[in-house]
Amino acid sequence: GCAYAQPVQFDQQPLEAVATIDACAAAYDVSGDRTWRDEMDRAFGWYLGENDVGVCLMTEDGGCYDGLGPEGPN
């Protein structure tokens, strides 16, 4: 059989969160199911500190750090 690698917790990337937001938005547009809006909000929360480290990834100038490691943004 196939052996699958276990996912690693870090380094988390903003691209992963935005891809999740985009996918949830598309699912909401097709289905109208409010659950997808809620999941989109949850994924956006990753940027605001609702992540494994509990730190905001947005910068003061409106940008975003390029990743999240166990010690915080990098």
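**Entry 1: overall layout**

I began by counting the secondary structure elements and found two helices and two strands in the protein chain. I note at the outset that I am working from a predicted model. Reading from the N terminus, I recorded the order of the elements as α-α-β-β. I then looked up the radius of gyration, which is 14 Å and so well over the 11 Å that the globule rule gives for 74 residues; the chain is therefore more spread out than a compact globule. Along the principal axes, I found that the C-alpha atoms fill a box of roughly 45 × 40 × 15 Å.

**Entry 2: burial, surface and contacts**

I next asked how much of the protein chain is buried, and noted that buried residues make up 23% of the 74 residues. For the surface I wrote down an exposed area of about 5,300 Å², of which carbon and sulfur atoms supply 53%. I also checked the contacts between residues at least 6 apart in sequence, and 36% of these join residues at least 24 apart.

**Entry 3: the nonpolar core**

Which residues form the largest nonpolar core? I listed nine of them, namely Ala17, Ile21, Cys24, Met40, Ala43, Trp46, Tyr47, Leu57 and Leu68. Both α1, residues 14–31, and α2, residues 34–48, supply at least two residues each to this core, and α2 gives the most, with four residues.

I followed two members of the core individually. Ile21 lies in helix α1, and I entered it as buried because its relative accessibility is 14%, where the cut-off for buried is under 20%. Leaving aside neighbours within four places in sequence, I found Ile21 in contact with Met40, Ala43, Phe44 and Tyr47. I also noted the spacing between Ile21 and Asp41, which are 20 residues apart along the chain and have their C-alpha atoms separated by 7.8 Å. With the same exclusion of neighbours within four places, Ala43 is in contact with Ala17, Thr20 and Ile21.

**Entry 4: the largest pocket**

I looked up the largest pocket and recorded a volume of about 210 Å³. Its lining, as I copied it out, consists of Gln12, Gln13, Glu16, Ala17, Thr20, Cys24, Glu39, Arg42, Ala43, Trp46 and Glu50. The elements that give two or more residues to this lining are α1 and α2. On comparing my lists, I saw that Ala17, Cys24, Ala43 and Trp46 are named both in the core and in the pocket lining.

**Entry 5: the second strand**

I then turned to Pro73, which lies in strand β2, residues 72–73. Is Pro73 buried, partly exposed or exposed? I entered it as partly exposed, because its relative accessibility is 34% and that class runs between the 20% and 50% cut-offs. Pro73 and Leu57 are 16 residues apart in sequence, and I noted 6.4 Å between their C-alpha atoms. Setting aside neighbours within four places in sequence, Pro73 is in contact with Val55, Cys56, Leu57, Tyr65, Gly67 and Leu68. Two of these partners, Leu57 and Leu68, are also on my list for the largest nonpolar core.

**Entry 6: a cis peptide bond**

Last, I looked at the backbone before the helices, where Asp11 is found in the segment before α1. The peptide bond from Phe10 to Asp11 is cis, and I recorded its omega as near 0 degrees. I keep in mind here that this bond, too, belongs to a predicted model.

Technical notes
Residues numbered from 1 in each chain as written. Predicted model: local features only at pLDDT ≥ 70, side-chain atom pairs only at ≥ 80, totals over all residues. Heavy atoms only, no water. Rg over C-alpha atoms; globule rule 2.2 N^0.38 Å. Buried < 20%, exposed > 50% of the residue type's maximum accessible area, 1.4 Å probe, protein only. Contact = heavy atoms within 4.5 Å. Areas by Shrake-Rupley, 256 points an atom, 1.4 Å probe, with all protein chains shown as cover. Core = buried A, V, L, I, M, F, W, Y, C linked by side-chain atoms within 4.5 Å. 1 Å grid on protein atoms, 1.4 Å probe; cavity = no way out; pocket = protein on both sides within 12 Å on 5 of 7 lines; lining within 4 Å. Points joined across faces, edges and corners; volume = space filled by probe spheres on them.
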